[in-house]
Amino acid sequence: MDRGTRRWTLTVDGEGFDVAERPGEPGTYDFTWLTGPNPGYGFTTQVHGADSLSERELEESARDFLGQVDPGTGHIE
């Protein structure tokens, strides 16, 4: 069964992300950084061997991303 896109907003350490799970690709999530300085900037995370990530795992992915962002540019350098 192919499910539709699941989309929601996730707040991590005061930063907002639009999270969309890709339809037909269980465990693949596209994050758009809503509160970042660069519109449309974000990242994708994926889990292999499982249907989905828990909310805690999604939050950890967002924290890892934020930890890599250069505060001066708002991008991963």
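Let's start in the middle of the chain: strands E2 and E3, the latter made of residues 28-33, pair in the antiparallel sense over five bridges. This is a predicted model, so treat it as one while you follow along. To find your way along that pairing, look for Asp18, which sits opposite Thr32 in E3. Between E2 and E3 the chain makes a hairpin with six residues separating the strands. Gly24 is in that turn, and its phi is positive, about 80°.

Now step back toward the N terminus. Strand E1 (residues 6-12) runs antiparallel to E2 (residues 15-21), and seven bridges join the two. Here Leu10 is the residue to pick out, since Phe17 in E2 stands opposite. E1 and E2 form a hairpin too, this one with two residues between the strands. Asp13 in this hairpin takes a positive phi near 50°.

On the other side of the story is E4, covering residues 42-46. E3 and E4 pair in the antiparallel sense, again over five bridges, and Phe31 faces Phe43 of E4 across that pairing.

Put the pieces together and you get an open sheet of four strands, in the order E1-E2-E3-E4, with antiparallel pairing. E1 and E4 are the edge strands, each pairing on one side only. Going from one strand to the next, the twist averages 25°. As a reminder, strands of a sheet pair through backbone hydrogen bonds, either parallel or antiparallel.

That leaves the helix. H1, spanning residues 55-68, lies across E1, E2, E3 and E4. Relative to E1, H1 runs at about 60°.

How values were computed
Residues are numbered from 1 along each chain as its sequence is written. This is a predicted model: local features need pLDDT of at least 70, side-chain atom pairs count only at pLDDT 80 or more; totals for chains, interfaces and linings use all residues. Side-chain values use heavy atoms; hydrogens and water are left out. Two strands pair if DSSP finds at least two bridges between them. Axes are lines fitted to C-alpha atoms, for helices over the stretch in contact, and angles run from 0 to 180 degrees between N-to-C directions. Contact means heavy atoms within 4.5 Å.
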